[in-house]
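Student: Could we go through this one together, starting with the pocket and then moving on to the charged pairs?
Tutor: Yes, go ahead and put it up.

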Amino acid sequence: PQEGQPPPTSFSALPDVVIAGKITNHTAGAYAAADLKAHAKTSLTAGLRLDYFDRIGRATVSPRLQVTQQVAPRWSVRGAIGAYTRQLEQGESLSTTLRPERATQYVGGVEYRVRDGLDASASLFYTDRQDLVVLDPLEAQTGNPAPYRNLGTGRSMGAELLARARFDRFFGWLSYTLARSDRRDGPLADRRLFDFDETHNLVALGSYRLGKWELGARFQYSTGQPQTPITGSTYLADANIYVPTYGEVNSTRIEAAHALDVRVDRTWTFRTWKLSTFLDITNVYAHARVLGYTYNFDYSQREAITDLPILPALGVRGTF
């Protein structure tokens, strides 16, 4: 489904669409970057990307720049700006008149070195999105196989905190991101969330080496993806089926995801090679991540579609 469109719940209720033909969607890109040391405390990274989209016959130029300035022995600040484009995918590729989606990202941040091997940083970001591809419902009703237009605009904004530690036996980091991504599907349309908007994302990871053993763990929590709710259904007597009715686009969310993964490694060192074994358990406490929902015949009840609740893996590896 197109961004913002709910997935089809019953293929039997959809009309047949047959498209026969050969469609090519070639793209080419080139990228160059340079790191410059303008001063002992100032560094710059400048980049330029060129993209060519053969099917629509358009080329884009995307410049990017990052500047880092040390303002104190332990403090540095960073600013970045960059342009990006996205090629057309899936059904959008049928069109020969669309423009690539464009985005300009702005980032500002600060970094503090607490001590050797331990640092922390904080960043603010904002992304302005233009020429977003949207499905034109009027064109879709005419039978146009590519009923898409560059009518959308969007934005993403948020903050990220990151702490990293690297010592003789321990390595780990802790990150938290607070973000919001929304868009308008037309000049007069209301703002709505992107399909992959994620308000909270927390990741904690650590690994400790104890002789020939290494123990590691990772915990992650993330907000559930937005979803367009089914608010009821209508019975079609001619087809003897129920078709769903929907609420506001992406006005609800699926259940939040959280999991704890653990890993244990053991290494044996021989004269000319090493042998290691590992036990990796994904989602130790078996909290199955919800991927979506399936409904009964009249959409009055639903059941969660989940990932595997727990996944252990045992492996052996030899290096020479």
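Student: Which element gives the largest share of the lining of the second largest pocket?
Tutor: That is strand 16, which contributes four residues to the lining. Keep in mind throughout that this is a predicted model.

Student: And how much space lies in that second largest pocket?
Tutor: The second largest pocket holds about 310 Å³ of space. It is lined by 14 residues, and those closest to its centre are Ala259, Thr282, Asn283, Arg289 and Asp307.

Student: Which elements give two or more residues to the lining?
Tutor: Those are strand 11, covering 213–222, and strand 16, covering 257–269.

Student: How do the lining residues divide into nonpolar, polar and charged?
Tutor: Six residues of the lining are polar, while four are nonpolar and four are charged.

Student: OK, changing topic: how many salt bridges does a search of the whole structure find?
Tutor: The search finds 21 salt bridges. One of them involves strand 16 again, where the side chains of Arg263 and Asp280 meet with an N to O distance of 3.2 Å. Arg263 belongs to strand 16 and Asp280 to strand 17 (residues 274–282), so this pair ties together parts that are 17 residues apart in sequence.

Student: Are Arg263 and Asp280 buried or exposed?
Tutor: Neither label fits, because Arg263 has a relative accessible area of 28% and counts as partly exposed, and Asp280, at 21%, is also classed as partly exposed.

Student: What about Arg192, which residue does that one form a salt bridge with?
Tutor: Arg192 pairs with Glu3, and their closest N and O atoms are 3.0 Å apart. Since Arg192 sits in strand 9 (residues 192–193) and Glu3 in the segment before strand 1 (27–39), the pair ties together parts that are 189 residues apart in sequence.

Student: Is Arg192 buried or exposed?
Tutor: Arg192 counts as buried, because its relative accessibility is 8% and the cut-off for buried is under 20%.

Student: Which residues are joined with Arg192 into one network?
Tutor: Salt bridges with shared partners link Arg192 with Glu3, Arg183 and Asp185 in one network.

Student: One last pair: how far apart are the closest N and O atoms of Glu92 and Arg86?
Tutor: In that salt bridge the closest N and O atoms lie 3.2 Å apart. The two partners fall into separate classes of accessibility, for Glu92 is buried with a relative accessible area of 6%, whereas Arg86, at 25% relative accessibility, counts as partly exposed.

Methods
Residues numbered from 1 in each chain as written. Predicted model: local features only at pLDDT ≥ 70, side-chain atom pairs only at ≥ 80, totals over all residues. Heavy atoms only, no water. 1 Å grid on protein atoms, 1.4 Å probe; cavity = no way out; pocket = protein on both sides within 12 Å on 5 of 7 lines; lining within 4 Å. Points joined across faces, edges and corners; volume = space filled by probe spheres on them. Nonpolar A, V, L, I, M, F, W, Y, C, P; charged D, E, K, R; others polar. Salt bridge = Lys/Arg side-chain N within 4 Å of Asp/Glu carboxyl O. Buried < 20%, exposed > 50% of the residue type's maximum accessible area, 1.4 Å probe, protein only.
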